[in-house]
There are 4 protein chains.
Amino acid sequence: MDSAILIIQCKDQKGIVAAVSQFLYFHNGNVLEVDQYIDSETGDFFMRAKWELASFAIQKQDIHRIFGETVGSKFEMNFTLHFNEPHPRMAIFVSKLSHCLFDILSRYFSGQFQVEIPLVLSNHENLQPVVEAFGIPFHYFPITKDNKQEQEQRQLALLEEHKVDFVVLARYMQILSPTFISAYPHKIINIHHSFLPAFVGAKPYHAAHKRGVKIIGATGHYVTEELDAGPIIEQDIARVKHHNTVEELVQIGQDVEKVVLSKAIKYHLAKKVMVMGNKTIIFN
Amino acid sequence: MDSAILIIQCKDQKGIVAAVSQFLYFHNGNVLEVDQYIDSETGDFFMRAKWELASFAIQKQDIHRIFGETVGSKFEMNFTLHFNEPHPRMAIFVSKLSHCLFDILSRYFSGQFQVEIPLVLSNHENLQPVVEAFGIPFHYFPITKDNKQEQEQRQLALLEEHKVDFVVLARYMQILSPTFISAYPHKIINIHHSFLPAFVGAKPYHAAHKRGVKIIGATGHYVTEELDAGPIIEQDIARVKHHNTVEELVQIGQDVEKVVLSKAIKYHLAKKVMVMGNKTIIFN
Amino acid sequence: MDSAILIIQCKDQKGIVAAVSQFLYFHNGNVLEVDQYIDSETGDFFMRAKWELASFAIQKQDIHRIFGETVGSKFEMNFTLHFNEPHPRMAIFVSKLSHCLFDILSRYFSGQFQVEIPLVLSNHENLQPVVEAFGIPFHYFPITKDNKQEQEQRQLALLEEHKVDFVVLARYMQILSPTFISAYPHKIINIHHSFLPAFVGAKPYHAAHKRGVKIIGATGHYVTEELDAGPIIEQDIARVKHHNTVEELVQIGQDVEKVVLSKAIKYHLAKKVMVMGNKTIIFN
Amino acid sequence: MDSAILIIQCKDQKGIVAAVSQFLYFHNGNVLEVDQYIDSETGDFFMRAKWELASFAIQKQDIHRIFGETVGSKFEMNFTLHFNEPHPRMAIFVSKLSHCLFDILSRYFSGQFQVEIPLVLSNHENLQPVVEAFGIPFHYFPITKDNKQEQEQRQLALLEEHKVDFVVLARYMQILSPTFISAYPHKIINIHHSFLPAFVGAKPYHAAHKRGVKIIGATGHYVTEELDAGPIIEQDIARVKHHNTVEELVQIGQDVEKVVLSKAIKYHLAKKVMVMGNKTIIFN
């Protein structure tokens, strides 16, 4: 079923919902999903509307312009328009750990993710055979202190060449440079292996073990310049016990990581994530 | 802050959201919350809208009529209108177990529930002192096989006398008659101590123990004629282990029961629950 | 590290723990883990002890005999002895759905499961390429009403030929015959896609959707003759909402299914599951 | 049923479990529960054993001495002995918020907690009527910067006078002095309203709201000199959404706080908590 999604952000004003609803109704749009949120602190208005294109009176290529002229400009909206075809193009970065990558590939294989995966990039070679078994090209970028900047430039060029829309860091153990991050603002999803803001940085399971927490967790978030401090998309936790070793925390945690990361990807793909400052609105 | 809530149900038709939004906008309503749901199987449309009354152009007493004339009739809507004052009036039925009752009273005491509790009814006397310590009248209705029908009639009369809007069964260990139930359709909230539909009926913790489940649960639901089969409002679970006795299941389960029941009450009070057939829509 | 695990079951009697502890201590065993459970209803005693073999005074091949002669016979114990090498041999049965299979293969690949997987069997061909990408032989057994009995015989012969220790049904959509089940008593692990005992049988997500539950779940259990009624090893749940379609329940549920099944396998591999009647004791 | 609990801590050595089991068996103790834990990092051994006293060959008053002479001294054990009668004596400190206090009183009322509550202390008067409705004396200690030290001295004297065994801070909004804390080492249980170590200190719900987390939580821990850094006994979390205000986080969080605190109390009462450095071992 051909559908369109409109994502709107502006200052809250009376009549916005009426105007958008009227626009869709007037042009014979069959509305499938509508969500809106008014942030009472900032006075910002957020909306997501999805409707069928079959009977819609405006041609696909004209919707953006006509909506902008008739509604968007009136309320000074920031808005984007999305169609379910063609699928977005997602690049996956991995290192040695396979659990998140396999979880994503499994959903891709079964058709759960409406996405194209033109390539996987890694600073290690061990996952190459499995990636290629899924028919996805694997690119090996060994990283050293000396070549890091240069490799990132090559990676960025490759992403551009493959028209990548967004990037998933599936336990990629390299910190991206500000240059890289700024090329994909709110379009790089990372999984951090703790319930942020606890245990920022390296080795969170070691830190959790040392602190003696009874729960561990994982956080899917957009990458920003400040490490592990970007807008949180999804979090979850698992219970642990005094007798669990760090190695067991790692195993228990991996089950949380992979599900949290895949949920974050799912929300991102469905355009259900909106960023407000350093927080997210999830229309789910 | 004075506010109104409009609850709407009708067949899905194009233009409903636009019409309702337009109505609120046109009369200068400052919308606080809007939720809608279209059931794709039945083609039913459900909506909940909450707005500030302060600047609203229509007087409180006229809103229902004017909305009906201008919007409701056009779409053949079933709709109800609610104001946050005065608070709804809730009667609590209990037997001997105190955990759900105390949890409700605690929230009432702290102002978390915007509700009046004109009376508590029980078929046992043990909870009378605590109920009265909260300043709430306690009515004792001992029930036997012989007097059950008569006592129910007296209870119904008392509820009517106190203008009770809805009833909460806080682990009340008597089965209500169809006559009683039909007096409060979708206005009697019960807590059942299992994750329904598992373990319907009496002694669900014993049944759970015998089956060897690894999770137990509780279900808050509206009471209908068929036992433990009414529309589910809220459910939650807790993990249990092989070494837990039935008595321990009871204790673990009580923590789930009380929180689930109080959440169901909270949703009901906020008019966030809509019933569709034997299911609920929860706008939360 | 070479280690041994002793699994004991007998009537509870005074002195059992002392006798077992004394046995291990006397022969210089470095105890790593000990768990015991006394069922107060049945009077049964269950114990699991794991110790290092390096310094142990008894040779591997003599432990079973000597323990039986000195301790086991005295208390009329049923006991089994297990070593961490060689790994147990697990056969996986699948149909078309990939999520549980991939989850198992992912853990196998990363070394999380200490297991051999000599073969995967399926009544469909679609998963063959991925299974083979992991270097595991794939056997296709199309099943019809007419050939079912014959195919099961061939499957059993194949399992025997490959010296399979236990079987995992990773969303295998065929019901095994009593003959098959009796060949692997408490050695066939199934994942059922509901929180049993709710929604036994086919299409539990449809049934859950129809009943309007707020949680769905999955149950890992040993297969017995009665459908979906065997001893439960592990269960978990996920929250769902009124707007989730059956298809969405399926997707949400799959995340629970795969983690629950893999946990059940993990406990089984670590000899942490003991069966008592139709229930399990999980030493975790 | 009269029972005894032995809590043991020492360096791990071969033969400990055998010696303790032998001691209980030899003196005809019917063992009800045994748990042990060996910390592989520190080489410390922890054990908890519970047995019936009815048939035990040693008189209550002699058990400690005889165990010490025959087993304890041999392994240089730190050990404590506990009987289920008389119940421990617990003092509750509260401020204005009632949810944790009511939850504790509700369990006390229903007999879930095997404890005496000789008094409740508060720096506010609002909860006095309810506390007294439960028949528990209420002591009002208004705290100012000037009188804080003096009031603490009076509180300590009162606790001593009432032979208080341990203290529960049920959302008590005052920081205790090192002097106070050192009088009850690992005997003051606090509930902190975040999933520590995230959001240490004041106003964690505000901090959680600002950071945009998708889960909030609560932590029950022993109080040590460093704020919110003592050994964690229990933690749990609840999911929150972008539209939840700080006030809603507070309400959602209170349901977690009260259950977590009551669980921590329950474990403490059952002698299931052992402290190892800044971590806890929970034999549950």
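## Basis of the model

Helices (H or I, at least four residues) and strands (E, at least two) are DSSP runs, numbered from the N terminus. This is a predicted model in which local features need pLDDT of at least 70 and side-chain atom pairs count only at pLDDT 80 or more, while totals for chains, interfaces and linings use all residues. Residues are numbered from 1 along each chain as its sequence is written, chains are lettered from A and ligands numbered from 1 in the order in which they are written, and side-chain values use heavy atoms, with hydrogens and water left out.

## Annotated span and domains of chain A

An unreviewed UniProt entry places the feature "domain: ACT" at residues 5–89 of chain A; such annotations may be inferred rather than shown by experiment. Helix makes up 28% of this span and strand 39%, and its end C-alpha atoms lie 17 Å apart.

The domain assignment, which is automatic or from a database, divides chain A into domain 1 (3–83) and domain 2 (89–282). Their centres, taken over C-alpha atoms, are separated by 31 Å. Across the boundary, 12 residues of domain 1 of chain A are in contact (heavy atoms within 4.5 Å) with seven residues of domain 2 of chain A. The two domains of chain A bury about 750 Å² between them, 73% of it on carbon and sulfur atoms; buried area is the accessible area (1.4 Å probe) that two parts lose on being put together, summed over both. A:Ile7, A:Phe46 and A:Arg48 supply 49% of the area that domain 1 of chain A buries against domain 2 of chain A, more than any other three residues.

## Relations between chains

Copies are superposed by least squares on the C-alpha atoms of residues with pLDDT of at least 70 in both. Chain D falls on chain A after a rotation of 180 degrees with 0.0 Å of shift along the axis (RMSD 0.0 Å). The two copies are thus related as by a two-fold rotation axis. D:Ala198 is the residue of chain D that comes closest to this axis, at 2.3 Å (C-alpha). Because 100% of the interface residues of chain D are also interface residues in chain A, these copies meet through the same surface.

## Nonpolar cores

A nonpolar core is a set of buried (under 20% relative accessible area, 1.4 Å probe, protein chains only) Ala, Val, Leu, Ile, Met, Phe, Trp, Tyr and Cys residues joined through side-chain atoms within 4.5 Å. The largest has 176 residues, and A:Ile104, B:Ile104, C:Ile104 and D:Ile104 have the most contacts inside it. A second, separate core of 52 residues includes A:Val17, A:Val20, B:Val17 and B:Ile58.

Key:
Buried < 20%, exposed > 50% of the residue type's maximum accessible area, 1.4 Å probe, protein only.
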